[in-house]
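Me: I would like to go through some of the terms used for this protein and see what each of them rests on. Please take them one at a time.

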Amino acid sequence: VLIKIHSAAINPSDVLYLAGFYPAGKNKPTTAGFEGSGTVVATGDSEAAKQLLNKNVCFFASGKTAPGSWGEHTVVSHSSCVVLPGDLTLEEGATCLVNPLTVQGFILESETQGYKCIAHSAAASQLGRMLVAGCRLHNIKLINFVRRQEQVDILKTLGAEHIINTSEPNWKEQTTALFAEQKPQAFFDAIGGETASEIFELMPNGSSTYNYGALSLRPISATSNDLIFKCKVLRGYWLTADLQNPEKAGQIFAKTF
């Protein structure tokens, strides 16, 4: 389908791709931008594509040859598009894939693994704010890590209950006490680097840490003591991998739309 682009998001993955740190596998030269919204103005011959003609859609600019969303037009597979619900504007639609689907991916993983309490870094991000609502809806306790007081205030207005400000000198003591009380089973990390490594070290025995972002551009370090004797797991989470699994993709999209 040919899409006349209305709006496009700027996500951390876009910035990392421009800097050469995100392996999108696109043929170059190309246009940047992994998601956006617009109106389908022309289609190929398949019936599925024709049904999208003149519809407002959000889309992934996925595939080796699809130009990104930071342009006037793009051509993508019809399967990369979702028709926008009538109560969403095109501007809102530009951001209704990557972050909401990632949140639902976290929730699906938590429900599948039986996590009753999880922790999250960069918690005042747009994704983090959505996760506050998502965890409340699915009865999952959430511990939020931020680095500034104004971010604490933002999350409080959204009803977040447990918030740790890592700029406070005693944040590790606060975290230790909170972890002992709430017993988080998983930590979803968007940052990497020193802070993520410290939170991983403070996580309870047997917990899993999912690194899904690299805002610090630094790796997470883990000690053999944590990995071997405390049975902690450090792994990655990539939304694209979940969406390539038909069963998981169906559940994630069903929870989102």
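Me: Why is threonine 209 called buried in this predicted model?

Reply: The relative accessibility of threonine 209 is 1%, and buried means under 20%, so threonine 209 counts as buried.

Me: Where does threonine 209 lie, and which residues does threonine 209 touch?

Reply: Threonine 209 lies in strand 10, which covers residues 208-211. Leaving aside residues up to four places away in sequence, threonine 209 touches Phe187, Phe200, Met203, Val233, Leu234 and Arg235.

Me: Why is valine 15 called partly exposed?

Reply: Valine 15, which is found in helix 1 (residues 12-18), has a relative accessible area of 48%. Buried would need a value under 20% and exposed a value over 50%, so valine 15, at 48%, is partly exposed.

Me: Which residues form a nonpolar patch with Val15 on the surface?

Reply: The patch is formed by Ile10, Val15, Leu18 and Trp70, which together have about 410 Å² of accessible area.

Me: What makes strand 3 mostly covered?

Reply: Strand 3 runs over residues 56-60, and 4 of its 5 residues are buried.

Me: How do you know that strand 3 pairs with strand 2 and with strand 5?

Reply: Pairing requires at least two bridges between two strands. Strand 2 (residues 35-42) and strand 3 have 5 bridges in the antiparallel sense, with glycine 38 opposite valine 57 of strand 3. Strand 3 and strand 5 (residues 81-83) have 3 bridges, also antiparallel, and cysteine 81 in strand 5 is the bridge partner of phenylalanine 59. Both counts, 5 and 3, therefore satisfy the requirement of at least two.

Definitions and conventions. Residues are numbered from 1 along each chain as its sequence is written. This is a predicted model: local features need pLDDT of at least 70, side-chain atom pairs count only at pLDDT 80 or more; totals for chains, interfaces and linings use all residues. Side-chain values use heavy atoms; hydrogens and water are left out. Helices (H or I, at least four residues) and strands (E, at least two) are DSSP runs, numbered from the N terminus. Buried means under 20% relative accessible area, exposed over 50%, partly exposed in between (1.4 Å probe, protein chains only). Contact means heavy atoms within 4.5 Å. Patches are made of residues with over 30% relative accessible area and no salt bridge: like charges are joined within 9 Å, nonpolar side chains (Val, Leu, Ile, Met, Phe, Trp, Tyr) within 5 Å. Accessible areas come from the Shrake-Rupley method with a 1.4 Å probe; for residues, only the protein chains shown count as cover. A salt bridge is a side-chain nitrogen of Lys or Arg within 4 Å of a carboxyl oxygen of Asp or Glu.
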